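Got your viewer open and a selection box ready? Let's walk through this one stop at a time.

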Amino acid sequence: MYTFVERFHLQNTPEISHEDAWFYFLINMMTGGIGTMIAGLHAKKFKLPNDGKNEKPTGEYADIDIIKMGMIQCLTAPFFVGWLWGVLYMWGVVQYCKEND
């Protein structure tokens, strides 16, 4: 069974390669939120099993929730909040992909 933190992390972290994560991180450094939206387009969206017996979550491509998060980051980037959020979010994705690649 997944804990709340594991469930939240799996549902909000795109499954992309480590190299792609670095690329999207650099895009977010230049344009807050755009890298997050592109990562959402190339991500696998996780579907966690309800019974907790399946070890690996299943996925399908294009995670609309991550794309929406990137749009909000873009809208709030002029206030520095969205830019910082986008950079910190993608840095977390880079670290996650590094551990799971």
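**Stop one: Ala-39**

Select Ala-39 to begin: at 0% relative accessibility, Ala-39 counts as buried, where buried means under 20% relative accessible area, exposed over 50% and partly exposed in between (1.4 Å probe, protein chains only). Before you click further, know that this is a predicted model, in which local features need pLDDT of at least 70, side-chain atom pairs count only at pLDDT 80 or more, and totals for chains, interfaces and linings use all residues. Residues are numbered from 1 along each chain as its sequence is written, and side-chain values use heavy atoms, with hydrogens and water left out.

Ala-39 sits in helix α3. Helices here are DSSP runs (H or I, at least four residues), as are strands (E, at least two), numbered from the N terminus. Which residues does Ala-39 touch, not counting residues up to four places away in sequence? They are Pro-14, Ile-16, Tyr-24 and Met-90, with contact meaning heavy atoms within 4.5 Å. Now put a distance label between the C-alpha atoms of Ala-39 and Ile-67: the label should read 7.8 Å, for two residues 28 apart along the chain.

**Stop two: the rest of α3**

Widen the selection to residues 34–42, which is α3. Gly-35, Thr-36, Met-37, Ala-39 and Gly-40 are buried there. What covers the buried residues of α3? The cover includes α2 (18–30), α4 (64–76) and α5 (81–100), so show those helices next.

**Stop three: three helix pairs**

Two packed helices are described by the angle between their axes and the distance between the axes. The axes used here are lines fitted to C-alpha atoms, for helices over the stretch in contact, and angles run from 0 to 180 degrees between N-to-C directions. Under 35 degrees counts as roughly parallel, over 145 as roughly antiparallel, 65 to 115 as roughly perpendicular and the rest as oblique.

Take α2 with α3. Their axes come within 7 Å and cross at roughly 150 degrees, which makes α2 roughly antiparallel to α3. Highlight Tyr-24, Ile-27 and Asn-28 on the α2 side, and Ile-34, Gly-35, Thr-36, Ile-38, Ala-39 and His-42 on the α3 side, to see the contact. Colour by class and you get five nonpolar, four polar and no charged residues. The classes are Ala, Val, Leu, Ile, Met, Phe, Trp, Tyr, Cys and Pro as nonpolar, Asp, Glu, Lys and Arg as charged, and the others, Gly among them, as polar.

Now α3 with α4. These axes come within 7 Å and cross at roughly 170 degrees, which makes α3 roughly antiparallel to α4. From α3, pick Ile-34, Thr-36, Met-37, Gly-40 and Leu-41; they meet Ile-66, Ile-67, Gly-70, Met-71, Gln-73 and Cys-74 of α4. By class, this contact has seven nonpolar, four polar and no charged residues.

Then α3 with α5. The packing angle is about 40 degrees, with the axes 9 Å apart, so α3 and α5 are oblique to each other. Gly-35, Thr-36 and Ala-39 of α3 make the contact with Gly-86, Tyr-89 and Met-90 of α5. Those residues divide into three nonpolar, three polar and no charged.

**Stop four: Asn-28**

Go back to helix α2 and select Asn-28. Buried or exposed? At 0% relative accessibility, Asn-28 counts as buried. Leaving aside neighbours within four places in sequence, its contacts are Gly-33, Ile-34, Gly-35, Thr-36, Gln-73, Trp-83, Gly-86, Val-87 and Met-90.

**Stop five: the nonpolar core**

A nonpolar core is a set of buried Ala, Val, Leu, Ile, Met, Phe, Trp, Tyr and Cys residues joined through side-chain atoms within 4.5 Å. The largest one has 16 residues, and those with the most contacts inside it are Ile-16, Ala-21, Tyr-24, Tyr-89, Met-90, Val-93 and Cys-97. The elements giving two or more residues to this core are α2, α4 and α5, and α5 supplies the largest share, seven residues. Click Cys-97: beyond its neighbours within four places in sequence, Cys-97 is in contact with Pro-14, Ile-16, Ser-17, His-18 and Ala-21.

**Last stop: the aromatics**

Show Trp-22, Phe-25 and Trp-91, which form one aromatic cluster. Rings of Phe, Tyr and Trp (its six-membered ring) pair if their centres lie within 6.5 Å; planes under 30 degrees apart count as stacked, over 60 as edge-to-face and the rest as tilted. By this rule there are five aromatic pairs. In one of them, Trp-22 and Trp-91 are edge-to-face, at 5.6 Å centre to centre and 75 degrees between the planes. That pair links distant parts of the chain, with Trp-22 in α2 and Trp-91 in α5, 69 residues apart. Trp-22 counts as partly exposed at 34% relative accessibility, and Trp-91 as partly exposed at 38%.
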